[in-house]
Protein chains: 4
Amino acid sequence: MEPDDSPELRELYEGFEREHLLPLWTQRDDLMPFSPKPQAVPHVWKWDRLYPLARRSGDLVPVGRGGERRAIGLANPGLGGNAYISPTLWAAIQYLGPKETAPEHRHSQNAFRFVVEGEGVWTVVNGDPVRMSRGDFLLTPGWHFHGHHNETDRPMAWIDGLDIPFSQQMDVGFFEFGSERVTDYATPDFSRSERLWCHPGLRPLSALQDTVSSPIGAYRWEHTDRALTDQLLLEDEGQPATVEQGHAAIRFMNPTTGGDVMSTIRAEFHRLRPGVRTATLREVGSSVFQVFEGAGAVVLDGERTVLEKGDLFVVPSWVPWSLEAESQFDLFRFSDAPIMERLNFHRTHIEGNAR
Amino acid sequence: MEPDDSPELRELYEGFEREHLLPLWTQRDDLMPFSPKPQAVPHVWKWDRLYPLARRSGDLVPVGRGGERRAIGLANPGLGGNAYISPTLWAAIQYLGPKETAPEHRHSQNAFRFVVEGEGVWTVVNGDPVRMSRGDFLLTPGWHFHGHHNETDRPMAWIDGLDIPFSQQMDVGFFEFGSERVTDYATPDFSRSERLWCHPGLRPLSALQDTVSSPIGAYRWEHTDRALTDQLLLEDEGQPATVEQGHAAIRFMNPTTGGDVMSTIRAEFHRLRPGVRTATLREVGSSVFQVFEGAGAVVLDGERTVLEKGDLFVVPSWVPWSLEAESQFDLFRFSDAPIMERLNFHRTHIEGNAR
Amino acid sequence: MEPDDSPELRELYEGFEREHLLPLWTQRDDLMPFSPKPQAVPHVWKWDRLYPLARRSGDLVPVGRGGERRAIGLANPGLGGNAYISPTLWAAIQYLGPKETAPEHRHSQNAFRFVVEGEGVWTVVNGDPVRMSRGDFLLTPGWHFHGHHNETDRPMAWIDGLDIPFSQQMDVGFFEFGSERVTDYATPDFSRSERLWCHPGLRPLSALQDTVSSPIGAYRWEHTDRALTDQLLLEDEGQPATVEQGHAAIRFMNPTTGGDVMSTIRAEFHRLRPGVRTATLREVGSSVFQVFEGAGAVVLDGERTVLEKGDLFVVPSWVPWSLEAESQFDLFRFSDAPIMERLNFHRTHIEGNAR
Amino acid sequence: MEPDDSPELRELYEGFEREHLLPLWTQRDDLMPFSPKPQAVPHVWKWDRLYPLARRSGDLVPVGRGGERRAIGLANPGLGGNAYISPTLWAAIQYLGPKETAPEHRHSQNAFRFVVEGEGVWTVVNGDPVRMSRGDFLLTPGWHFHGHHNETDRPMAWIDGLDIPFSQQMDVGFFEFGSERVTDYATPDFSRSERLWCHPGLRPLSALQDTVSSPIGAYRWEHTDRALTDQLLLEDEGQPATVEQGHAAIRFMNPTTGGDVMSTIRAEFHRLRPGVRTATLREVGSSVFQVFEGAGAVVLDGERTVLEKGDLFVVPSWVPWSLEAESQFDLFRFSDAPIMERLNFHRTHIEGNAR
């Protein structure tokens with residue numbers, strides 16, 4: 001439909017430029033593609049490359065007010081040098097040296113931590129100290145003050161996940177400094193949030209108001225592991241329990257609503273039996289996985305990459321993906337699915353079935 | 001406003017009767033009182049009177065198809081000889097002898113069991129065997145098949161709670177016979193429902209659809225006890241956790257929504273520290289309590305009654321009530337509050353404060 | 001299962017009686033029938049019998065504080081002399097003589113008026129005068145002050161619908177007297193509620209909070225009639241618009257939610273083309289219909305009754321019903337369906353299809 | 001906190017780059033500002049500059065398959081040459097010559113039209129022809145087929161609003177071509193959607209399922225005007241009806257839920273009395289206004305611009321804005337508020353009060 005070049009047309013286009021206008025007809029394909037064409041690309045980050053760089057940062061870069069965190073963001077190669085793992089999500093390794101404290105602050109951005117290995121750090125959320133240990137999933141929802149401190153003589157590293165790219169693109173973020181030291185250096189085994197909320201099916205009568213984000217500060221590995229184990233045992237008994245044959249999975253939820261833990265971020269844990277290959281999916285929205293335990297591979301847009309403990313990968317919107325398990329294969333996953341669902345853009349397409 | 005008697009008026013009233021009419025002006029007070037005037041009365045049933053009658057029924061009355069259950073309903077003295085403990089609720093002692101089976105059936109009525117003492121019976125809910133032990137709270141929501149069987153050589157008794165009066169008054173009930181024997185005589189420690197759902201904050205990915213009633217078959221005493229213990233410990237630490245000073249409480253909830261376990265019945269567990277006296281409340285809707293452990297008293301409409309383990313009492317709508325704990329005092333409570341809240345009739349009035 | 005009579009059994013049953021207990025096994029059939037067995041019966045009230053009695057009441061019975069309203073309730077013959085048209089619903093003719101005022105009061109019970117004929121009365125709801133005219137449906141939701149006054153020299157009668165039986169059985173009702181005269185004798189054509197809310201698809205920015213009941217004081221016949229007319233015209237054009245062939249219907253809704261006008265009462269308007277016969281339905285819950293215009297018949301549990309303008313009939317729970325239209329046939333309907341749906345007891349069965 | 005430059009640090013940063021990593025500590029300020037720092041800038045587009053360019057496009061650029069629409073997007077000067085009026089919203093002038101047709105297509109993006117002047121075009125939405133006239137607000141929600149055709153001998157222009165930038169940034173968009181001609185060239189006064197849904201407070205019984213987007217194809221100026229007029233009259237009578245003194249406003253809503261018309265776009269209409277100056281607001285999220293009638297000014301971040309009929313302006317996130325009315329001043333507004341609210345990022349700050 002693009003008309004032939006002419007002096008009149010050129011004059012018209014100059015008029016557009018002068019008045020801050022852009023015609024649809026020259027760029028409809030880009031603005032409205034037939035299916036999502038993400039600039040973000042599928043990518044795998046190897047833990048054995050990331051961790052040494054994080055450790056080296058521990059030697060060279062102090063942690064404190066201003067920079068706030070010794071966190072190193074995974075930058076999607078397709079997103080032009082921004083520290084975005086996808087258009088919505090931020091993922092980073094955070095590293096805290098022996099006895100160090102990362103100061104308290106709060107921000108509109110929703111955040112979580114996932115601990116692939118180690119222990120000894122406590123995150124203090126609105127004054128409630130939360131132990132961080134291997135396999136735990138911890139929340140610091142939007143506008144909750146939080147800081148971290150390492151009680152031990154060993155460093156500790158973990159994964160931070162946030163909705164920073166979404167917040168930055170959408171201009172929704174507020175930020176505020178808090179205490180330079182954490183407000184409570186106690187090191188209890190369990191946070192007050194867990195003692196109040198982590199009793200299955202029981203709700204404190206003192207907290208009947210639903211909350212936007214989950215009130216649970218930490219989802220413990222012990223529970224996650226048992227839930228996945230039970231699903232596979234139930235499958236063995238011929239009961240419906242798993243997502244697909246040999247594939248157990250749980251979603252971390254807000255116990256006040258049964259919904260996602262935070263309004264922009266979904267978090268799940270998946271376990272595959274050895275030899276299982278999942279169905280190939282395309283989904284609107286982006287996901288990040290981290291291998292927690294075991295060996296296997298991911299097929300991203302047809303390309304297969306072998307995965308080991310700690311490896312991370314991103315699945316941009318509508319990119320086909322599947323997993324293959326060599327051993328029992330445990331993966332943590334987070335995504336922007338609540339955004340897609342709340343705004344009614346979610347769509348899923350199953351390309352094929354597991355073997 | 002009632003006019004004086006006259007032949008004309010009498011003729012009018014005869015016309016009303018003939019045409020199945022009744023004037024408002026002669027009965028406005030009854031139809032629309034200034035505040036709820038329940039026919040149901042506050043009443044206490046003593047466990048040491050109930051239990052022997054239940055045991056005696058075990059000797060004299062068989063259990064089986066037709067009568068269905070050896071259940072003995074608590075009949076509110078104000079409700080004219082119906083087996084209603086309140087206008088909405090049914091409460092009964094059910095008694096099952098050694099090796100007996102109560103056959104399977106299903107009905108629209110929502111039901112639960114609460115076990116004040118004993119063990120050895122399994123309830124089979126839609127084919128899933130659920131162990132019954134002291135302190136457990138078990139669900140058989142509307143239209144779920146269920147039967148009971150006693151695996152042991154000792155009898156067992158427990159409390160049944162249902163919305164039978166509501167269902168009967170409102171004409172909503174359907175009923176269907178199932179298997180004469182239960183469909184699965186297995187005696188697992190944990191039901192499949194618990195293995196799928198009783199991991200705090202974790203939702204199976206295979207069950208993302210919300211359900212009208214809780215999918216949890218049994219809420220175990222171990223969890224309830226720990227939740228209440230934790231609330232009192234948090235209170236000791238100066239943290240907000242209890243309903244009022246010295247009064248811990250949890251509500252049993254549907255994990256898919258964070259709301260009540262069933263659409264007509266709320267269930268809670270309360271623990272008072274020794275010496276605590278609760279605020280006096282008036283609430284729209286009716287409640288039933290059973291003492292699980294400890295000694296204390298209830299004040300119902302100004303009248304104080306000493307309570308021991310197993311004793312039950314009913315609080316009709318808008319009757320003032322408070323509890324007093326001599327020892328640590330544990331009580332199970334159920335009510336029709338979801339009806340009142342869903343239809344926007346709930347109201348609470350705090351008459352005074354403890355001590 | 002009922003055991004044989006014996007002295008021991010008689011002693012047991014005496015024990016039950018002494019302790020306010022009732023066994024399930026002797027009355028399971030009654031308490032839990034296989035399908036709803038309402039005590040309420042289907043019944044038709046003829047307008048030409050009701051109206052003269054209402055008019056006669058106008059001669060003999062004053063209206064004022066205490067009796068509050070010259071309202072005559074339709075008493076279901078199966079409900080033992082209570083002014084209940086069904087276990088949940090109250091329906092009455094209210095009659096207001098020339099220049100009379102019915103004083104203001106408020107109550108928890110939800111109420112509406114439907115005007116089968118006449119005009120000249122204003123209902124004042126929380127200070128907002130609402131004109132009453134033929135075909136209008138007016139709301140006075142729970143705890144809203146309301147009174148009526150007749151501006152004219154002619155009497156006026158209309159239908160009141162409330163949830164009095166439900167409120168009385170469930171012990172939820174509060175009542176309060178207000179002004180003896182209405183608080184505003186203005187006679188505007190449209191209430192303030194309509195001027196704020198009756199613009200299709202438009203919500204005032206000053207009223208973004210959802211309300212439990214509809215904020216609309218009157219649903220005007222003009223709109224109802226046009227909506228039904230449009231549905232039949234769309235059907236003529238081959239478009240989906242009607243419930244079944246020749247059967248147009250609208251539901252009155254709360255514009256802040258799209259749901260029912262009040263939490264206990266649903267209201268609808270139905271129009272049948274001449275010759276149409278509706279499918280035979282069974283529904284959980286009870287309904288009341290009033291013929292607004294036209295001639296036809298209702299078949300209630302197999303029994304056919306001819307209907308004329310103003311005639312009312314009640315359909316108890318699970319009683320099969322269908323309508324037949326001789327002329328164009330307009331009917332107003334109200335029911336307790338929101339109770340059934342909110343508590344998850346709703347069920348519908350279509351017995352047959354229209355010719 | 002940024003450490004001093006050193007060979008070791010440079011080596012570390014090179015490692016980051018190699019592994020697609022970016023440290024937080026060098027860019028925390030940008031990623032997480034203290035309050036939203038939009039790249040988008042406040043900007044005003046004058047109708048008397050836009051319209052001539054649109055008309056000239058009508059001479060030079062054909063409309064048809066491929067380019068799809070003769071639409072000219074307003075490009076925010078701060079957004080780097082993209083046709084984004086804000087990070088979430090697209091606004092364009094669309095121009096259709098005499099007897100022209102814009103072909104049918106559908107896309108995930110939600111769209112609307114607002115008609116500042118003219119008439120004679122019909123938009124066909126899923127086969128339903130919708131008349132476009134001055135002051136009307138029309139919907140083409142995501143994945144609804146739609147095309148336009150001009151029945152007259154005069155051209156027509158209007159405003160298109162979509163969530164294209166959001167969809168493109170978030171990778172959620174799908175697109176599909178439909179018929180090259182519209183599927184129905186009928187020119188009814190009212191669409192079928194209006195005939196079914198535009199009866200205030202009435203819901204068709206044939207459409208009880210709630211819909212993600214409003215089922216109303218066109219919100220007519222006649223209704224909008226009357227609603228605003230009524231609010232100001234109510235204000236004159238001392239009744240609560242307006243947002244602030246002299247400022248009437250309505251929100252276009254989905255009648256099935258009472259919520260916004262589409263999941264990403266809010267639309268409102270505002271009317272100021274002559275002389276009124278609104279409070280200065282800051283809001284999270286971006287808005288676009290178009291003057292429909294009257295004269296006045298906008299103050300954007302302290303800078304005042306005089307406005308006339310047809311002028312458009314954008315308010316980026318957290319930029320303070322207020323309006324001043326010289327004459328009666330009518331403005332159409334749309335925004336991304338549903339995104340902000342559904343994801344819990346909404347915040348409003350009132351800077352001062354009028355006058």
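Two strands count as paired if DSSP finds at least two bridges between them. Keep that in mind, everyone, as we go through this model, which is a predicted one.

Let me start with chain B and chain C. Strand β3 of chain B, residues 71–74, is joined to strand β1 of chain C, residues 21–23, by three bridges, so the pair passes the cut-off of at least two. These two strands run antiparallel. If you want one spot to click on, go to B:Gly73: opposite this residue, in β1(C), stands C:Leu22.

Now zoom out to the whole interface. How many residues of chain B are in contact with chain C? There are 90 from chain B, and they meet 90 from chain C. Putting these two chains together buries about 7800 Å², and carbon and sulfur atoms give 69% of that area.

What about charges? Between chain B and chain C the count is two salt bridges. In a salt bridge between C:Arg49 and B:Glu19, the closest N and O atoms are 2.6 Å apart. There are also 25 residue pairs in polar contact across this interface, with both residues at pLDDT 80 or more. Sorted by class, the side of chain B that touches chain C has 49 nonpolar residues, 26 polar ones and 15 charged ones.

On to chain A and chain D. Here 90 residues of chain A contact 90 residues of chain D. The buried area is about 7800 Å², with 69% coming from carbon and sulfur atoms. The rule finds two salt bridges across this interface. In a salt bridge between A:Glu19 and D:Arg49, the side chains meet at 2.7 Å, N to O. As for polar contacts, 25 residue pairs turn up between chain A and chain D, both residues being at pLDDT 80 or more. The chain A side breaks down into 49 nonpolar, 26 polar and 15 charged residues.

There is strand pairing here too. Strand β3 of chain A, residues 71–74, and strand β1 of chain D, residues 21–23, run antiparallel and are joined by three bridges. Within that pairing, A:Gly73 has D:Leu22 as its bridge partner.

So which chains do not touch? Chain A and chain C are one such pair, with their nearest C-alpha atoms 17 Å apart. Chain B and chain D are another, and for them the figure is 18 Å.

Next, please follow one sheet with me. This open sheet has seven strands, paired antiparallel, in the order β1(A)-β3(D)-β4(D)-β11(D)-β6(D)-β9(D)-β14(D). Its edge strands, each pairing on one side only, are β1 of chain A, residues 21–23, and β14 of chain D, residues 218–219. Further inside chain D, four bridges connect β6, residues 111–114, with β9, residues 137–140, and these strands run antiparallel. There you will find D:Phe114 opposite D:Phe137 of β9(D).

Finally, a look at chain A by itself. How many helices and strands does chain A have? The tally is seven helices and 24 strands. Along its principal axes, the C-alpha trace of chain A spans about 75 × 55 × 45 Å. The radius of gyration of chain A is 22 Å, which agrees with a compact globule, because a globule of 355 residues would have a value near 20 Å.

If you open the model afterwards, try B:Gly73 and C:Leu22 in β1(C) as a starting point. Thanks for listening!

Methods
Residues numbered from 1 in each chain as written. Chains lettered and ligands numbered in written order. Predicted model: local features only at pLDDT ≥ 70, side-chain atom pairs only at ≥ 80, totals over all residues. Heavy atoms only, no water. Contact = heavy atoms within 4.5 Å. Buried area = accessible area lost by both parts, 1.4 Å probe. Salt bridge = Lys/Arg side-chain N within 4 Å of Asp/Glu carboxyl O. Polar contact = N/O pair within 3.5 Å; in protein donor to acceptor, adjacent residues only side chain to side chain. Nonpolar A, V, L, I, M, F, W, Y, C, P; charged D, E, K, R; others polar. Rg over C-alpha atoms; globule rule 2.2 N^0.38 Å.
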